[in-house]
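Q: Please take one part of this structure and look at it closely. I would like to see how that part sits among its surroundings.

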Amino acid sequence: PPGAEGKMAAPMSEGSPALEPGAAPYGNFPNYSRFHPPEGRVSLLPGGLLQSLFPAAARPLLGLDVGCNSGELSVALYRHLLGLQESKGCLDQPAAGKDLNLLCCDIDPVLIERAQQCSPFPASMSFANLDIMDSSAREPILRSYLGRFGRSTFDIGFCMSVTMWIHLNHGDSGLMEFLSFLSSLCKYLLIEPQPWKCYRAAARRLRKLGRNDFDHFRSLAINGDMAERITQILTKDCAMELVCCFGSTSWDRSLLLFKSNGSNHEGRESSEQEQ
């Protein structure tokens, strides 16, 4: 999956001999987009989504993409959400930046460097090397980014095939904390959970390479239908509501859109608009 967060991940480099999928225990696969192309997700999302979700919101909207890998999916999402044609490239950048600014983060510094080098929208897409589960690291980076716009929350967050890696490396409590944190930080959250069969496959790949099993795999009480379990956590524990399921990718992962129904976002927005 497009990169994911975990403690002390070993960065993957282009020249690394460990290009086996199992050699990326934090999801930081060096060539992820080759086997799960971005179009497989963005084609499920309707055109004009941002306009329908934020008809009267001040621009630019702010987005957070957690676990962006080397940025291919982030760029594809950005283009799709703004209705940009790929062939136009940087010519659209000034206008695009007025509508959406996107902060993309990943635990792997090599992947982030590649994303920065290849981004066609450097003025409105920022890439940061960040372990999202490290609160001491994330707070200054996120606060600094939001502060540039006089904001304290993001309009929309993206979490595309990241939850499994958080879950495997940080356990049930880590997954709960991660989802709680994202829900407190984003008014909308587009999430693509990996199904349970992917957990088993990831553990099998690791064992096949002679590595230690994931610390938490055999003790996870949150298991089974992961899309349903994550929906339950977000709606029952995180003050969010499920807005829509946009269907499933060809590799059997649902795209779920949630909205915060907590007063905390509305209160922050109104105070920010008054300033």
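A: A polar contact is a pair of N or O atoms within 3.5 Å, where one atom must be able to donate a hydrogen and the other to accept it. In this predicted model, the side chain of Asp155 makes such a contact, reaching the backbone nitrogen of Leu62 at 2.7 Å. Asp155 belongs to strand β4, which runs over residues 154–160. Buried means under 20% relative accessible area. Asp155 has 5% relative accessibility, so Asp155 counts as buried. Leaving aside residues up to four places away in sequence, Asp155 touches Phe54, Pro60, Leu61, Leu62, Lys187 and Tyr188.

Next comes the part chosen for the close look, helix α10. This helix has 12 residues, 226–237, and at 1.5 Å a residue they should span 16 Å. The C-alpha atoms at its two ends are 16 Å apart, which agrees with that expectation. Its buried residues are Met226, Ile230, Thr231, Ile233 and Leu234. Because these residues cover an arc of only 160° around the axis, they are on the same side of α10. A general rule helps here: an α-helix has 3.6 residues a turn, so residues three or four places apart point the same way.

What lies over that side? The cover of the buried residues of α10 includes the helices α8 (163–185) and α9 (196–208), together with the strands β5 (186–192), β6 (240–248) and β7 (254–260). Both ends of α10 can also be described. Asp225 caps the N-terminal end, with a side-chain oxygen 3.4 Å from the backbone nitrogen of Ala227. After the helix comes Ala239, which has a positive phi, near 55°.

Helix α9, one of the elements covering α10, can be examined in the same manner. Its 13 residues should span 18 Å at 1.5 Å a residue, and its end C-alpha atoms are 19 Å apart, which agrees. Trp196, Cys198, Tyr199, Ala201, Ala202, Ala203 and Leu206 are buried in α9. Both α8 and α10 are among the elements that cover them. Gly210 follows α9 and has a positive phi, near 75°.

Helix α8 leads on to the nonpolar interior. The largest nonpolar core has 48 residues, and those touching the most other members are Leu64, Ile132, Phe154, Leu168 and Phe178. Helix α8 supplies the largest share of this core, 10 residues. Domain 1 (63–85 + 97–152) and domain 2 (161–261) both contribute residues, so the core lies between them. There is also a second, separate core of 32 residues, which includes Phe54, Ala76, Phe158 and Phe246.

For another helix, take α6, residues 109–118, where Leu111, Ile112, Arg114 and Ala115 are buried. Seen down the axis, these fall within an arc of 160°, so they line one face of α6. They pack against α4 (72–82), β2 (100–106) and β3 (125–129). At the start of α6, a side-chain oxygen of Asp108 comes to within 2.9 Å of the backbone nitrogen of Val110.

Finally, the whole chain gives the setting. The protein chain has 11 helices and 7 strands, and 56% of its 275 residues count as buried. Of the contacts between residues at least 6 apart in sequence, 74% join residues at least 24 apart.

Note on methods. Residues are numbered from 1 along each chain as its sequence is written. This is a predicted model: local features need pLDDT of at least 70, side-chain atom pairs count only at pLDDT 80 or more; totals for chains, interfaces and linings use all residues. Side-chain values use heavy atoms; hydrogens and water are left out. Helices (H or I, at least four residues) and strands (E, at least two) are DSSP runs, numbered from the N terminus. The expected span of a helix is 1.5 Å times one less than its number of residues. Buried means under 20% relative accessible area, exposed over 50%, partly exposed in between (1.4 Å probe, protein chains only). The arc is that of the directions from the helix axis to the C-beta atoms. Contact means heavy atoms within 4.5 Å. A nonpolar core is a set of buried Ala, Val, Leu, Ile, Met, Phe, Trp, Tyr and Cys residues joined through side-chain atoms within 4.5 Å. Domain bounds come from an automatic or database domain assignment.
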